[in-house]
Amino acid sequence: MKGDVVRSSDIPEAVELSPEVVVIFGGEWFEQRIYDAELHDFLRLASSRGASMVMVRGTTSKFFEALDTAGIIGFL
């Protein structure tokens, strides 16, 4: 499918976000940043640009909590 993989230990750059992009968060990494305002900003931006987001491992409820805090849950 000719996809590119970009690994980052920080909040990813938002430049390339589009409906063709899938952002995969590691559960442990995500759960350490669940209350980070910068992460919430990224989640809102990724959602508004149509990017898909997935968390691998970790607690699913924490992922939904962050989406809710970012104000995205109502748009799903």
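**View 1. W29 and its contacts from further along the chain.** Leaving aside neighbours within four places in sequence, W29 touches S9, D10, I11 and L39 in this predicted model. You'll find W29 in helix α1, which covers residues 27-32. The relative accessibility of W29 is 18%, so this residue counts as buried, the cut-off being under 20%. For a sense of scale, go from W29 to R49: that's 20 residues in sequence and 23 Å in space, C-alpha to C-alpha.

**View 2. The aromatic cluster.** W29 turns up again here, in one aromatic cluster with F25, F30, F42, F63 and F64. The count of aromatic pairs comes to 5. One of them joins F25 and F42, an edge-to-face pair with 6.3 Å from centre to centre and 90° between the planes. Since F25 sits in strand β1 and F42 in helix α2 (residues 37-48), the pair ties together parts that are 17 residues apart in sequence. Both partners are tucked away: F25 is buried at 3% relative accessible area, and F42 is buried at 4%.

**View 3. The largest pocket.** Now for some empty space: the largest pocket has a volume of about 950 Å³. It's lined by 22 residues, and V6, R7, V22, V23 and I24 are the closest to its centre. Strand β1 (residues 22-26) supplies the largest share of the lining, with 5 residues. What's the lining of this pocket made of, in terms of nonpolar, polar and charged residues? The split is 12 nonpolar, 3 polar and 7 charged.

Notes:
Residues numbered from 1 in each chain as written. Predicted model: local features only at pLDDT ≥ 70, side-chain atom pairs only at ≥ 80, totals over all residues. Heavy atoms only, no water. 1 Å grid on protein atoms, 1.4 Å probe; cavity = no way out; pocket = protein on both sides within 12 Å on 5 of 7 lines; lining within 4 Å. Points joined across faces, edges and corners; volume = space filled by probe spheres on them. Helix = DSSP H or I, 4+ residues; strand = E, 2+ residues; numbered from the N terminus. Nonpolar A, V, L, I, M, F, W, Y, C, P; charged D, E, K, R; others polar. Buried < 20%, exposed > 50% of the residue type's maximum accessible area, 1.4 Å probe, protein only. Contact = heavy atoms within 4.5 Å. Phe/Tyr/Trp six-rings, centres within 6.5 Å; stacked < 30°, edge-to-face > 60°.
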